[in-house]
Amino acid sequence: MSQIHTVQLPDIGEGVVEGEVIEWLKKEGAEVAKDEPVVVVMTDKATVELPAPVAGKIKQHYYKAGQIALVGKPLYSIEHGSGEEAIVAPAPAPEKRAPQPQKPVVSQADAVREHVHTAAGEKLALPSTRRLARELGVDINTLQGSGKEGRIEPQDLHAAIILDGEEETDRLEPIVGIRRLMLKKMAESKRTIPHFSYFERVDASRLIQLRLKVGEKALEEGIQLSFMPFFIRALSLTIKNYPKINASVDAEKTELILHNHHNVGIAVSSEQGLIVPVLKHVEAMDLTTLIHEYEKLKQNALANALSPQEMRGGTITVSNFGVLGGDGVWATPIINPPEVAILALAKIAPMPVAVNGQIVIKNMVNLSWSFDHRIIDGHLAALVSHHYAQLINNPGSLL
């Protein structure tokens, strides 16, 4: 005789109380082996694959991709044979509530599922109604229920189909995973940080020559050397002169945390959205070491194989939007909180420049800074940018 076991979202640690369901690796009805990954869950600390505690058949998902699951609450259930030994946390008891009007009698499994979906912010609906909604392709969360306490009933689904047939609707695309996280972080940044931007154009002709020279040796080791290691090295040397740009703000304690280590976040565009892997302890690296460590981090990012440690702990961020093209452009990058500074670099491109009263063509790069104006004023911003520009203009000190 088969048994049904409900698997809860486990305590992943570090104070995590919830996680976003990114992807179901096993659909309802699919067979799964013990320790085989079932679902991908992302928290604000890491993205993890959660394995099945027992072998069997996936009976039920309690969340859809993009929804927030709670630690200690049912995540999915497995049907397996009675001879299979399993240690699975039981489903939690429903929360105590004030007396309510009598509801239709439903099974215990239905009650648990309805409770979990309500906790996740969904509309009230029985599993049979949810199943019908999936079959009809109707998003329950967009409807107003006609049942008690706003419960979605089957007639609400049919009414929605009729309405869709009468009116042309836009396509809805859920914002999930990294894009959802970036949505929250960028909104928080613009809401809480008074941004101040500073721009400067720099002659990068000597930097191009240095890259060609160093790149020959790197190519022998299979590395296609880009300008990023030089830009990161220059940023680290600038921090040594102006450590206040390598800081974090603790607004609650009204404290500024000046970081000893230069942990440079590098904004990278990926299929999942904008990610910011972090190159740690750059202050301790010479240029050769930095080139190799940057290459490892870049390859991990391209392979979608970044570890949780490589995705956190940044103290300042640099973004090279020049790889996307566009000559002579500027940007107003958004600070990655709780950091206080970010640098965006445009494409190195030939531009007309006045030299001794003559117009000449030089390879220039645009620097676009954003600073937290609570910490960094215009005078300090100018000093920081000028120092960085001198390092790019005379890159011998980067070696």
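**Exercise 1. The partners of strand E18**

In which sense do strand E16 (residues 341-345) and E18 pair, and over how many bridges? Then determine how E17 and strand E9 join E18.

*Solution.* The model under study is predicted.

Step 1. Strand E16 (residues 341-345) pairs with E18 in the antiparallel sense, over 5 bridges. Within this pairing, leucine 343 has tryptophan 369 as its bridge partner in E18.

Step 2. Strand E17 (residues 349-355) also runs antiparallel to E18, and 7 bridges join the two. Here the bridge partner of alanine 349 in E18 is methionine 364.

Step 3. E17 and E18 form a hairpin with 2 residues between the strands, and asparagine 356 takes a positive phi near 55° in this hairpin.

Step 4. Strand E9 (residues 195-203) is joined to strand E18 (residues 358-372) by 9 bridges, and these strands run antiparallel. Histidine 195 of the chain stands opposite aspartate 372 in E18.

Step 5. Tryptophan 369, met in Step 1 as the partner of leucine 343, also belongs to an aromatic cluster with Phe371 and Tyr388.

**Exercise 2. Two open sheets**

Establish the strand order and the edge strands of the sheet that contains E3 and of the sheet that contains E2.

*Solution.*

Step 1. The sheet with E3 is open, consists of 4 strands in the order E1-E8-E6-E3, and has antiparallel pairing. Its edge strands are strand E1 (2-8) and E3, each of which pairs on one side only.

Step 2. The pairing of E3 with strand E6 (residues 56-61) is antiparallel and comprises 2 bridges. Glutamate 31 has lysine 57 as its bridge partner in E6.

Step 3. The sheet with E2 is likewise described as open, with 4 strands in the order E5-E4-E2-E7 and antiparallel pairing. Strand E5 (47-51) and strand E7 (68-70) are its edge strands, since each pairs on one side only. On average, neighbouring strands of this sheet are turned by 45° against each other, direction ignored.

Step 4. E2 and E7 pair over 3 bridges in the antiparallel sense. Glutamate 18 stands opposite leucine 70 in E7.

**Exercise 3. An aromatic pair**

Classify the ring pair formed by tryptophan 24 and tyrosine 76, and state where each residue lies.

*Solution.*

Step 1. A pair of aromatic rings is described by the distance of the centres and the angle of the planes.

Step 2. The search of the whole structure finds 5 aromatic pairs. For tryptophan 24 and tyrosine 76, the ring centres are 6.0 Å apart and the planes stand at 85°, so the pair is edge-to-face. The cut-off needed here is an angle over 60 degrees.

Step 3. Tryptophan 24 is in strand E2 and tyrosine 76 in strand E8 (residues 74-81); the two are 52 residues apart, and the pair links distant parts of the chain.

Step 4. Tryptophan 24 counts as buried at 14% relative accessibility, and tyrosine 76 is buried with a relative accessible area of 1%.

**Exercise 4. The surroundings of lysine 26**

Is lysine 26 buried or exposed? Describe its location and its contacts.

*Solution.*

Step 1. Lysine 26 is located in the loop between strand E2 (18-24) and strand E3 (31-32).

Step 2. The relative accessible area of lysine 26 is 17%, so this residue is buried; the cut-off is under 20%.

Step 3. Leaving aside neighbours within four places in sequence, the residues in contact with lysine 26 include Glu31, Val32, Pro37 and His61.

Step 4. A polar atom of the lysine 26 side chain lies 3.5 Å from the backbone oxygen of glutamate 31. Glutamate 31 is the residue whose bridge partner in E6 is lysine 57.

Definitions and conventions. Residues numbered from 1 in each chain as written. Predicted model: local features only at pLDDT ≥ 70, side-chain atom pairs only at ≥ 80, totals over all residues. Heavy atoms only, no water. Buried < 20%, exposed > 50% of the residue type's maximum accessible area, 1.4 Å probe, protein only. Polar contact = N/O pair within 3.5 Å; in protein donor to acceptor, adjacent residues only side chain to side chain. Contact = heavy atoms within 4.5 Å. Pairing = 2+ DSSP bridges. Phe/Tyr/Trp six-rings, centres within 6.5 Å; stacked < 30°, edge-to-face > 60°. Axes fitted to C-alpha atoms, helices over the stretch in contact; angles between N-to-C directions.
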